[in-house]
Amino acid sequence: MRILAIESSCDDTAAAVLDPDRGILSSAVSNQDAIHSPFGGIVPELASRRHIEMVAAVTGEALRRAGCGLEGIGLIAATQGPGLVGSVLVGFTFAKALAMARNLPCVGVDHIAGHLLSCRLEARRPDFPYTALIVSGGNTALFAVENAVRFLPLGRTRDDAAGEAFDKVAKLLGLGYPGGPAVSRLAADGDPAAFSFPRARLGADNLDFSFSGLKTAVATATASLREGGHPLTPEELADLCASFQEAVIDVLVEKTLAAARRHHHRRIALGGGVAANPRLRSAMTEACADKGLELFLPSPALCTDNAAMIALAGYHCFLQGDRIDPDSDAYSRSPLH
Ligand code: KG4
(Lines give C-alpha, C1' and ligand atoms only; values in the text may rest on other atoms or scores of the structure.)
Protein backbone atom coordinates (compact mmCIF):
# COMPACT_ATOMS: atom_id res chain seq x y z
CA MET A 1 0.00 0.00 0.00
CA ARG A 2 1.18 3.51 -0.82
CA ILE A 3 0.40 6.26 1.65
CA LEU A 4 0.18 9.94 0.71
CA ALA A 5 0.80 12.18 3.74
CA ILE A 6 0.41 15.92 4.21
CA GLU A 7 1.98 17.96 7.03
CA SER A 8 1.36 21.67 7.66
CA SER A 9 1.50 22.06 11.45
CA CYS A 10 3.86 25.01 11.60
CA ASP A 11 5.79 26.81 8.86
CA ASP A 12 6.68 23.97 6.47
CA THR A 13 4.26 22.67 3.84
CA ALA A 14 5.23 19.04 3.33
CA ALA A 15 3.93 16.01 1.44
CA ALA A 16 5.37 12.51 1.04
CA VAL A 17 4.60 9.14 -0.42
CA LEU A 18 5.58 6.09 1.62
CA ASP A 19 5.45 2.40 0.83
CA PRO A 20 5.92 0.69 4.21
CA ASP A 21 7.62 -2.26 2.52
CA ARG A 22 9.91 -0.23 0.26
CA GLY A 23 10.48 2.95 2.27
CA ILE A 24 10.11 6.63 1.41
CA LEU A 25 9.22 7.05 -2.29
CA SER A 26 9.23 10.85 -2.12
CA SER A 27 9.33 13.68 0.40
CA ALA A 28 8.75 17.30 -0.63
CA VAL A 29 9.02 20.28 1.73
CA SER A 30 8.41 23.96 1.03
CA ASN A 31 9.74 26.11 3.85
CA GLN A 32 8.65 29.63 4.75
CA ASP A 33 11.87 30.97 6.31
CA ALA A 34 12.06 33.90 3.87
CA ILE A 35 8.52 34.98 4.79
CA HIS A 36 9.01 34.92 8.57
CA SER A 37 12.66 35.93 8.98
CA PRO A 38 12.00 39.72 8.71
CA PHE A 39 9.76 39.34 11.79
CA GLY A 40 12.25 37.27 13.83
CA GLY A 41 9.67 34.49 14.33
CA ILE A 42 6.66 32.80 12.79
CA VAL A 43 3.66 35.01 12.01
CA PRO A 44 0.74 32.53 12.22
CA GLU A 45 -1.53 34.36 9.76
CA LEU A 46 1.22 34.50 7.11
CA ALA A 47 2.02 30.83 7.73
CA SER A 48 -1.53 29.64 7.04
CA ARG A 49 -1.86 31.85 3.95
CA ARG A 50 1.35 30.40 2.53
CA HIS A 51 0.18 26.85 3.24
CA ILE A 52 -2.96 27.59 1.20
CA GLU A 53 -0.80 28.77 -1.70
CA MET A 54 1.55 25.77 -1.54
CA VAL A 55 -0.37 22.69 -0.40
CA ALA A 56 -1.63 21.54 -3.81
CA ALA A 57 1.71 22.18 -5.53
CA VAL A 58 3.75 20.37 -2.84
CA THR A 59 1.35 17.40 -2.89
CA GLY A 60 1.59 17.25 -6.69
CA GLU A 61 5.38 17.37 -6.44
CA ALA A 62 5.46 14.48 -3.95
CA LEU A 63 3.26 12.36 -6.24
CA ARG A 64 5.36 13.28 -9.28
CA ARG A 65 8.64 12.37 -7.55
CA ALA A 66 7.12 9.07 -6.38
CA GLY A 67 6.17 8.35 -9.98
CA CYS A 68 2.51 7.76 -9.19
CA GLY A 69 -0.84 9.52 -9.46
CA LEU A 70 -3.60 9.49 -6.88
CA GLU A 71 -4.81 6.21 -8.42
CA GLY A 72 -1.68 4.58 -6.95
CA ILE A 73 -2.51 5.74 -3.41
CA GLY A 74 -4.34 3.52 -0.90
CA LEU A 75 -4.42 5.79 2.16
CA ILE A 76 -4.23 9.51 2.90
CA ALA A 77 -2.72 10.65 6.22
CA ALA A 78 -2.54 14.21 7.50
CA THR A 79 -1.33 15.97 10.61
CA GLN A 80 -4.39 16.71 12.76
CA GLY A 81 -2.44 18.55 15.48
CA PRO A 82 -0.74 19.88 17.54
CA GLY A 83 0.55 23.08 16.01
CA LEU A 84 -0.68 26.46 14.85
CA VAL A 85 -4.30 25.58 14.34
CA GLY A 86 -4.72 27.81 11.25
CA SER A 87 -1.74 26.05 9.66
CA VAL A 88 -2.85 22.53 10.65
CA LEU A 89 -6.31 23.19 9.24
CA VAL A 90 -4.98 23.87 5.73
CA GLY A 91 -3.24 20.51 5.20
CA PHE A 92 -5.81 18.58 7.22
CA THR A 93 -8.79 19.99 5.30
CA PHE A 94 -7.00 19.52 1.97
CA ALA A 95 -6.31 15.87 2.84
CA LYS A 96 -9.90 15.23 3.92
CA ALA A 97 -11.22 16.78 0.69
CA LEU A 98 -8.83 14.72 -1.43
CA ALA A 99 -9.83 11.52 0.38
CA MET A 100 -13.51 12.29 -0.04
CA ALA A 101 -13.16 13.13 -3.73
CA ARG A 102 -11.19 9.92 -4.39
CA ASN A 103 -13.13 7.73 -1.96
CA LEU A 104 -9.92 6.87 -0.09
CA PRO A 105 -9.55 6.11 3.62
CA CYS A 106 -8.09 9.01 5.61
CA VAL A 107 -6.38 9.13 9.01
CA GLY A 108 -5.53 12.09 11.24
CA VAL A 109 -2.04 11.87 12.75
CA ASP A 110 -0.56 13.46 15.85
CA HIS A 111 2.54 15.42 14.80
CA ILE A 112 4.43 14.22 17.89
CA ALA A 113 3.70 10.58 16.98
CA GLY A 114 5.37 11.33 13.65
CA HIS A 115 8.52 12.61 15.37
CA LEU A 116 8.50 9.62 17.76
CA LEU A 117 8.55 7.20 14.82
CA SER A 118 10.77 9.14 12.39
CA CYS A 119 13.85 7.12 13.48
CA ARG A 120 12.04 4.03 12.14
CA LEU A 121 12.20 5.41 8.60
CA GLU A 122 15.96 4.85 8.56
CA ALA A 123 17.57 1.57 7.43
CA ARG A 124 19.02 1.08 10.93
CA ARG A 125 16.00 1.44 13.18
CA PRO A 126 15.18 0.66 16.79
CA ASP A 127 13.05 -2.25 17.96
CA PHE A 128 10.43 -1.42 20.58
CA PRO A 129 10.49 -0.29 23.31
CA TYR A 130 12.72 2.79 23.31
CA THR A 131 13.06 6.14 25.04
CA ALA A 132 12.49 9.07 22.68
CA LEU A 133 13.47 12.70 23.15
CA ILE A 134 11.45 15.05 20.95
CA VAL A 135 13.08 18.47 20.68
CA SER A 136 11.56 20.98 18.27
CA GLY A 137 10.39 24.57 18.09
CA GLY A 138 7.03 23.67 19.61
CA ASN A 139 7.81 20.65 21.80
CA THR A 140 10.41 19.31 24.17
CA ALA A 141 9.30 16.02 25.69
CA LEU A 142 10.38 12.52 26.67
CA PHE A 143 8.33 9.44 25.85
CA ALA A 144 8.54 5.69 26.32
CA VAL A 145 7.68 4.36 22.87
CA GLU A 146 6.14 0.95 23.61
CA ASN A 147 5.00 0.17 20.09
CA ALA A 148 4.03 2.10 16.94
CA VAL A 149 0.83 3.45 18.48
CA ARG A 150 1.47 3.43 22.24
CA PHE A 151 3.48 6.30 23.67
CA LEU A 152 3.87 6.93 27.39
CA PRO A 153 4.67 10.57 28.29
CA LEU A 154 7.57 10.81 30.78
CA GLY A 155 8.38 14.51 30.93
CA ARG A 156 7.87 17.77 29.06
CA THR A 157 8.92 21.38 29.11
CA ARG A 158 7.23 23.60 31.63
CA ASP A 159 7.87 26.75 29.60
CA ASP A 160 9.83 27.18 26.36
CA ALA A 161 10.60 24.33 23.98
CA ALA A 162 14.34 23.84 23.35
CA GLY A 163 14.04 25.09 19.74
CA GLU A 164 12.07 28.09 20.93
CA ALA A 165 14.90 28.90 23.37
CA PHE A 166 17.42 28.65 20.51
CA ASP A 167 15.23 30.93 18.37
CA LYS A 168 14.74 33.49 21.17
CA VAL A 169 18.45 33.60 22.01
CA ALA A 170 19.23 34.02 18.31
CA LYS A 171 16.80 36.93 18.13
CA LEU A 172 18.38 38.54 21.20
CA LEU A 173 21.81 38.21 19.58
CA GLY A 174 20.54 39.56 16.24
CA LEU A 175 21.10 36.27 14.37
CA GLY A 176 17.78 36.12 12.50
CA TYR A 177 15.16 33.38 12.18
CA PRO A 178 15.25 30.38 12.39
CA GLY A 179 17.85 30.76 15.09
CA GLY A 180 18.86 27.20 15.94
CA PRO A 181 21.14 26.60 12.94
CA ALA A 182 22.75 30.09 13.31
CA VAL A 183 23.45 29.60 17.04
CA SER A 184 24.89 26.14 16.47
CA ARG A 185 27.15 27.40 13.64
CA LEU A 186 28.58 30.19 15.83
CA ALA A 187 28.84 27.89 18.86
CA ALA A 188 31.30 25.70 16.95
CA ASP A 189 33.94 28.45 17.36
CA GLY A 190 33.08 29.37 20.95
CA ASP A 191 34.09 28.20 24.43
CA PRO A 192 31.21 26.27 26.08
CA ALA A 193 32.67 27.07 29.51
CA ALA A 194 33.06 30.84 28.94
CA PHE A 195 29.79 31.63 30.74
CA SER A 196 28.38 29.47 33.49
CA PHE A 197 24.69 29.44 32.56
CA PRO A 198 22.12 27.64 34.76
CA ARG A 199 20.92 24.07 34.15
CA ALA A 200 17.32 23.66 35.38
CA ARG A 201 17.23 20.12 36.82
CA LEU A 202 13.95 20.61 38.74
CA GLY A 203 14.79 17.90 41.31
CA ALA A 204 16.64 14.59 41.13
CA ASP A 205 13.77 12.43 39.79
CA ASN A 206 12.14 15.03 37.60
CA LEU A 207 12.01 14.45 33.84
CA ASP A 208 10.46 17.84 33.00
CA PHE A 209 12.45 20.63 31.35
CA SER A 210 12.59 24.40 31.80
CA PHE A 211 14.56 26.79 29.61
CA SER A 212 13.16 30.20 30.58
CA GLY A 213 15.73 30.85 33.35
CA LEU A 214 18.56 30.02 30.96
CA LYS A 215 17.15 32.40 28.38
CA THR A 216 17.01 35.18 31.00
CA ALA A 217 20.62 34.43 32.05
CA VAL A 218 21.77 34.79 28.43
CA ALA A 219 19.85 38.09 28.15
CA THR A 220 21.47 39.40 31.36
CA ALA A 221 25.00 38.40 30.28
CA THR A 222 24.44 39.94 26.83
CA ALA A 223 23.15 43.19 28.31
CA SER A 224 26.19 43.52 30.56
CA LEU A 225 28.58 42.89 27.64
CA ARG A 226 26.73 45.53 25.61
CA GLU A 227 26.82 48.10 28.44
CA GLY A 228 27.93 51.51 27.26
CA GLY A 229 26.74 50.74 23.73
CA HIS A 230 29.56 48.25 22.94
CA PRO A 231 28.65 45.83 20.18
CA LEU A 232 29.45 42.18 20.94
CA THR A 233 32.79 41.04 19.58
CA PRO A 234 32.76 37.89 17.36
CA GLU A 235 34.50 36.01 20.23
CA GLU A 236 31.87 37.09 22.77
CA LEU A 237 29.10 36.11 20.37
CA ALA A 238 30.61 32.67 19.76
CA ASP A 239 31.18 32.13 23.52
CA LEU A 240 27.60 33.14 24.37
CA CYS A 241 26.25 30.72 21.73
CA ALA A 242 28.52 27.86 22.82
CA SER A 243 27.78 28.32 26.54
CA PHE A 244 24.02 28.58 25.95
CA GLN A 245 24.01 25.54 23.66
CA GLU A 246 26.01 23.48 26.15
CA ALA A 247 23.58 24.32 28.98
CA VAL A 248 20.61 23.16 26.86
CA ILE A 249 22.37 19.99 25.72
CA ASP A 250 23.64 19.00 29.19
CA VAL A 251 20.08 18.87 30.49
CA LEU A 252 18.66 17.14 27.39
CA VAL A 253 21.29 14.39 27.55
CA GLU A 254 21.12 13.94 31.33
CA LYS A 255 17.31 13.62 31.46
CA THR A 256 17.08 11.35 28.42
CA LEU A 257 19.55 8.92 29.97
CA ALA A 258 17.71 9.11 33.31
CA ALA A 259 14.42 8.29 31.53
CA ALA A 260 15.95 5.28 29.74
CA ARG A 261 17.47 4.05 33.01
CA ARG A 262 14.17 4.35 34.86
CA HIS A 263 12.28 2.40 32.17
CA HIS A 264 15.05 -0.17 31.62
CA HIS A 265 15.32 0.80 27.94
CA ARG A 266 18.52 -0.09 26.10
CA ARG A 267 17.60 2.08 23.08
CA ILE A 268 17.29 5.86 22.73
CA ALA A 269 15.96 7.82 19.74
CA LEU A 270 15.82 11.52 18.97
CA GLY A 271 13.39 13.52 16.85
CA GLY A 272 12.44 17.14 16.08
CA GLY A 273 14.37 20.03 14.53
CA VAL A 274 16.84 20.48 17.41
CA ALA A 275 17.89 16.83 16.95
CA ALA A 276 19.67 18.10 13.81
CA ASN A 277 22.06 20.03 16.12
CA PRO A 278 25.56 18.54 15.62
CA ARG A 279 26.65 19.12 19.24
CA LEU A 280 23.50 17.43 20.63
CA ARG A 281 24.12 14.51 18.28
CA SER A 282 27.75 14.12 19.36
CA ALA A 283 27.04 14.61 23.09
CA MET A 284 24.21 12.05 22.99
CA THR A 285 26.40 9.63 20.99
CA GLU A 286 29.20 9.86 23.59
CA ALA A 287 26.83 9.51 26.55
CA CYS A 288 25.07 6.46 25.04
CA ALA A 289 28.37 4.79 24.15
CA ASP A 290 29.55 5.39 27.71
CA LYS A 291 26.44 3.65 29.15
CA GLY A 292 26.30 0.88 26.52
CA LEU A 293 23.00 2.16 25.08
CA GLU A 294 22.03 2.06 21.40
CA LEU A 295 21.29 5.47 19.88
CA PHE A 296 19.10 6.10 16.83
CA LEU A 297 19.47 9.50 15.18
CA PRO A 298 17.26 10.25 12.17
CA SER A 299 19.02 12.06 9.33
CA PRO A 300 18.60 15.87 9.68
CA ALA A 301 15.87 15.94 6.97
CA LEU A 302 13.81 13.48 9.03
CA CYS A 303 14.43 15.45 12.27
CA THR A 304 12.83 18.67 11.00
CA ASP A 305 9.19 18.74 9.96
CA ASN A 306 8.43 16.34 7.11
CA ALA A 307 5.48 14.31 5.87
CA ALA A 308 7.24 10.93 5.60
CA MET A 309 7.02 10.53 9.38
CA ILE A 310 3.30 11.41 9.21
CA ALA A 311 2.82 8.71 6.57
CA LEU A 312 4.47 6.10 8.80
CA ALA A 313 2.52 7.10 11.93
CA GLY A 314 -0.67 7.27 9.81
CA TYR A 315 -0.09 3.77 8.45
CA HIS A 316 0.01 2.37 11.99
CA CYS A 317 -3.14 4.31 12.95
CA PHE A 318 -4.81 2.79 9.87
CA LEU A 319 -3.70 -0.75 10.84
CA GLN A 320 -5.35 -0.36 14.24
CA GLY A 321 -8.60 0.72 12.56
CA ASP A 322 -8.47 4.52 12.93
CA ARG A 323 -10.35 6.56 10.30
CA ILE A 324 -11.49 10.16 10.29
CA ASP A 325 -14.78 11.42 8.95
CA PRO A 326 -15.28 14.72 7.10
CA ASP A 327 -16.35 16.47 10.34
CA SER A 328 -13.15 15.63 12.27
CA ASP A 329 -11.49 18.78 13.54
CA ALA A 330 -7.87 19.87 13.90
CA TYR A 331 -6.43 20.44 17.39
CA SER A 332 -3.70 22.72 18.73
CA ARG A 333 -2.68 20.69 21.83
CA SER A 334 -1.57 17.07 21.70
CA PRO A 335 -3.59 14.49 23.64
CA LEU A 336 -0.34 12.47 23.90
CA HIS A 337 1.02 14.65 26.74
O1 KG4 B 1 10.77 20.10 14.16
P2 KG4 B 1 10.89 21.45 13.54
O3 KG4 B 1 11.30 21.53 12.10
O4 KG4 B 1 9.56 22.27 13.64
C5 KG4 B 1 8.76 22.33 14.76
O6 KG4 B 1 9.02 23.20 15.58
O7 KG4 B 1 7.84 21.47 14.84
O8 KG4 B 1 11.91 22.27 14.47
C9 KG4 B 1 12.25 23.60 14.21
C10 KG4 B 1 13.13 24.07 15.36
C11 KG4 B 1 13.43 25.56 15.32
O12 KG4 B 1 13.23 26.08 16.62
C13 KG4 B 1 14.90 25.60 14.91
O14 KG4 B 1 15.60 26.73 15.41
C15 KG4 B 1 15.43 24.32 15.54
O16 KG4 B 1 14.38 23.37 15.33
N17 KG4 B 1 16.67 23.85 14.91
C18 KG4 B 1 17.85 23.78 15.56
C19 KG4 B 1 18.80 23.35 14.61
N20 KG4 B 1 18.16 23.16 13.42
C21 KG4 B 1 16.85 23.47 13.63
N22 KG4 B 1 18.17 24.06 16.83
C23 KG4 B 1 19.45 23.90 17.20
N24 KG4 B 1 20.43 23.53 16.36
C25 KG4 B 1 20.15 23.23 15.06
N26 KG4 B 1 21.13 22.85 14.24
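A residue counts as buried when its relative accessible area is under 20%. In this predicted model, cysteine 317 comes in at 13% relative accessibility, so it falls on the buried side of that cut-off. Cysteine 303 goes further down the scale, with 0% relative accessibility, and is likewise buried. Cysteine 106 is buried too, at a relative accessible area of 5%.

With these cysteines tucked away from the surface by that rule, the next thing to look at is sulfur pairing. A disulfide is a covalent bond between the sulfur atoms of two cysteines. Here the cut-off is a pair of cysteine sulfur atoms within 2.5 Å, and the count comes to zero disulfides. For cysteine 303, the closest cysteine sulfur belongs to cysteine 119 and sits 9.7 Å away, so the two are too far apart for a bond. For cysteine 317, the closest cysteine sulfur is that of cysteine 106, and because the gap is 11 Å, no bond is possible there either.

Cysteine 106 itself belongs to strand β5, which covers residues 106-110. Once its neighbours within four places in sequence are set aside, cysteine 106 is in contact with Leu75, Ile76, Ala95, Lys96, Ala99, Arg323 and Ile324. One of these partners, leucine 75, is 31 residues away in sequence, yet the two C-alpha atoms are 6.0 Å apart in space.

Turning to charged pairs, the structure has 13 salt bridges. One of them joins the side chains of glutamate 61 and arginine 64, with an N to O distance of 2.8 Å. Both residues are in helix α2 (residues 44-66), three residues apart, or about one turn of the helix. Their surroundings differ in accessibility class: glutamate 61 is partly exposed at 23% relative accessibility, whereas arginine 64 is exposed at 57%.

Helix α5 (residues 162-172) has a pair of this kind as well, with glutamate 164 and lysine 168 four residues apart, about one turn of the helix. Their closest N and O atoms are 3.2 Å apart in the salt bridge. Glutamate 164 is partly exposed, with a relative accessible area of 26%, and lysine 168 is also partly exposed, at 36%. This pair isn't on its own: Glu164 and Lys168 are linked with Asp160 and Lys215 in a network of salt bridges.

A further salt bridge brings glutamate 294 together with arginine 124, at 3.8 Å from N to O. Glutamate 294 is in strand β10 (residues 294-296), while arginine 124 is in the loop between α4 (111-117) and β6 (130-135), so this bridge ties together parts that are 170 residues apart in sequence. Glutamate 294 is partly exposed at 39% relative accessibility, and arginine 124 is partly exposed at 47%.

Finally, there is a helix packing to describe. Helix α6 (residues 179-187) packs against helix α8 (residues 234-262) at an angle of about 110°, the axes being 7 Å apart. The two helices are therefore roughly perpendicular. On the α6 side, Val183, Ser184, Leu186 and Ala187 take part, and they meet Leu237, Ala238, Cys241, Ala242, Phe244 and Gln245 of α8. Eight of the residues in this contact are nonpolar and two are polar, with no charged residue among them.

Key
Residues are numbered from 1 along each chain as its sequence is written. This is a predicted model: local features need pLDDT of at least 70, side-chain atom pairs count only at pLDDT 80 or more; totals for chains, interfaces and linings use all residues. Side-chain values use heavy atoms; hydrogens and water are left out. Axes are lines fitted to C-alpha atoms, for helices over the stretch in contact, and angles run from 0 to 180 degrees between N-to-C directions. Angles under 35 degrees count as roughly parallel, over 145 as roughly antiparallel, 65 to 115 as roughly perpendicular and the rest as oblique. Contact means heavy atoms within 4.5 Å. Ala, Val, Leu, Ile, Met, Phe, Trp, Tyr, Cys and Pro count as nonpolar, Asp, Glu, Lys and Arg as charged, and the others, Gly among them, as polar. Buried means under 20% relative accessible area, exposed over 50%, partly exposed in between (1.4 Å probe, protein chains only). A salt bridge is a side-chain nitrogen of Lys or Arg within 4 Å of a carboxyl oxygen of Asp or Glu.
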